[in-house]
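Q: Please take a close look at the nonpolar core of this model and the helices that build it. I would also welcome an account of the helix packing and the backbone features found elsewhere in the chain.

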Amino acid sequence: MEAHEQNPNSLAEQALAAIDLPPANAEQRAALKESIATEGVLVAVIVSAGPALEGAVADGQARVELCAELGIDCPSEQRVFASEAEFQLYRLLTNSKRRQLPAAQLIRIGLALEPLERARAAARKAQGKGKRRGEKALPVALPEEKGETRELIARQVGLKPSSYARGAKVLCEGSPALVAAFEAGRETVNSAHRRLQAEQRRSERLALAERLQRQPLPLPEGRFPVLVLDPPWPEQGELPYPTESLEAIAALSLAELLTEDASVWLWTTNRFLFEAEAIGRERWGLERRGVLTWAKDRLGTGFPLRGQTEHCLLFSQGKPLFLPGGASTLLHGPVREHSRKPEKFYELVEALCPGAKLELFARERRPGWHVWGAETARFPARSPDEEEAA
């Protein structure tokens, strides 16, 4: 091991020792003292038999102190602890179960254990390499020792793996204010994780807006007979991307991108349906040819009507070619990530409109299409078979 690397046991010992369990309050201490005075010590104190921290109390320090105050003997049992990390883990887990520690503190314990558990897993894997089954020096003897590191840790601290993972993400990536609220119990695991996601979306949006302000994206070169665009309309609320004003959207130089005969598919929300049509006709000089409505598979937000549709206005310049096929004005498709359109829409455009295709404000790459935008790799492309299976 190189000099700058620390032993995982040492890291775990330091981290576990740094976790302070909340002391019993006066009411709890008084109740325990009364119980000991009337019934004696019902659960023996656990004392380390070594080799680590020999003689130290691993569980029951309050019982030891109260027995001394009452002048009675305190029964104890010896337990072997191979390392300080094992001692601290026993101390923390035993008390966490008894005192019902908050989730944030349980996850702190788990995070301290992760380097140790990963080292143990690596050691098992390394010493078992090349040996037949049953010849391993560090066998996995218990069911609770099987599984991924975080699953093991989650079980040890008494949490579901999903709750542990979300809470760990909050503690490791959340803002100081969010972490403080979570540790103080003002946020649950789920509410803290939702706040973290909102924080991260806000941070990503601001970073993207600053990058685009410093270095605006030039429009692609060439002209296209088919254009699809989903502008960042100035909707209210927390969005995962920076929005643009209606004037900025209307100022797009579409004329530089279109062939003499071209079709334009303009996505818009219910709120900006009429503004989108006005921009297409009055600012871009296009002729409206129809409206495609996406019927979503679940309700969205809104008042007094909750949105379950989104619209794509079909415009034309000149006389573009449309292939026969009987396409409907109603499109059914599942809701995916925010602003991601259904795969069936792209299939419809490909079936109806021949020629080279360009998508502006694209958030995923698509075979045979030209794409433009600041987040063209935001979503991984999926095949039609994968889409159908989803």
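A: In this predicted model, the largest nonpolar core comprises 26 residues, and those with the most contacts inside it are Ile-107, Ile-109, Val-157, Tyr-164 and Phe-182. Six helices each give two or more residues to this core: H4 (84-99), H5 (103-128), H6 (149-156), H7 (161-173), H8 (176-183) and H9 (189-214). The most is given by H5, with seven residues. As a general background, nonpolar side chains in soluble globular proteins tend to be buried together.

Tyr-164 deserves a separate description. Leaving aside residues up to four places away in sequence, Tyr-164 touches Ile-107, Gly-110, Leu-111, Glu-114, Arg-150, Ile-153, Ala-154, Val-157 and Leu-159. Two of the residues with the most contacts inside the core, Ile-107 and Val-157, are thus among the partners of Tyr-164. Apart from this core lies another, of 24 residues, which includes Leu-252, Leu-258, Leu-286 and Leu-358.

The packing of two of the contributing helices can be described further. Two packed helices are described by the angle between their axes and the distance between the axes. For H6 and H7 the angle is about 100° and the axes are 9 Å apart; H6 is therefore roughly perpendicular to H7. On the H6 side the contact involves Arg-150, Glu-151, Ile-153 and Ala-154, which meet Pro-161, Tyr-164, Ala-165 and Ala-168 of H7. Classified by residue type, this contact of H6 with H7 holds six nonpolar, no polar and two charged residues. Tyr-164 therefore appears both among the residues with the most contacts inside the core and in the contact between H6 and H7, where its partners in the wider list include Arg-150, Ile-153 and Ala-154.

A further helix pair is formed by H2 (residues 26-39) and H3 (residues 61-70), which pack at an angle of about 60° with their axes 10 Å apart. This angle makes H2 oblique to H3, and the crossing of H2 past H3 is right-handed. From H2, the contact is made by Arg-29, Leu-32, Lys-33, Ile-36 and Ala-37; from H3, it is made by Ala-62, Arg-63, Glu-65, Leu-66, Cys-67, Glu-69 and Leu-70. The residues of this contact of H2 with H3 divide into seven nonpolar, no polar and five charged.

The backbone also merits attention. Most residues other than glycine have a negative phi, and most peptide bonds are trans. The peptide bond from Gly-50 to Pro-51 is cis, with omega near 0°, and Pro-51 lies in strand E1 (residues 45-51). Another cis peptide bond joins Phe-303 and Pro-304, with omega about 0°; Pro-304 is placed in the loop between strand E6 (287-296) and strand E7 (309-317).

Positive phi values are found in Leu-53 and Phe-361. Leu-53, a residue other than glycine, has a phi near 50° and is located in the loop between E1 and strand E2 (57-59). With 31% relative accessibility, Leu-53 counts as partly exposed. Phe-361, likewise not a glycine, has a positive phi of about 60° and lies in the loop between strand E9 (357-360) and strand E10 (369-372). The relative accessible area of Phe-361 is 17%, so this residue is buried, the cut-off for that class being under 20%.

How values were computed
Residues are numbered from 1 along each chain as its sequence is written. This is a predicted model: local features need pLDDT of at least 70, side-chain atom pairs count only at pLDDT 80 or more; totals for chains, interfaces and linings use all residues. Side-chain values use heavy atoms; hydrogens and water are left out. Axes are lines fitted to C-alpha atoms, for helices over the stretch in contact, and angles run from 0 to 180 degrees between N-to-C directions. Helices (H or I, at least four residues) and strands (E, at least two) are DSSP runs, numbered from the N terminus. Angles under 35 degrees count as roughly parallel, over 145 as roughly antiparallel, 65 to 115 as roughly perpendicular and the rest as oblique. A crossing is left-handed if the near helix is turned anticlockwise from the far one by less than a right angle, and right-handed if clockwise. Contact means heavy atoms within 4.5 Å. Ala, Val, Leu, Ile, Met, Phe, Trp, Tyr, Cys and Pro count as nonpolar, Asp, Glu, Lys and Arg as charged, and the others, Gly among them, as polar. A nonpolar core is a set of buried Ala, Val, Leu, Ile, Met, Phe, Trp, Tyr and Cys residues joined through side-chain atoms within 4.5 Å. Buried means under 20% relative accessible area, exposed over 50%, partly exposed in between (1.4 Å probe, protein chains only).
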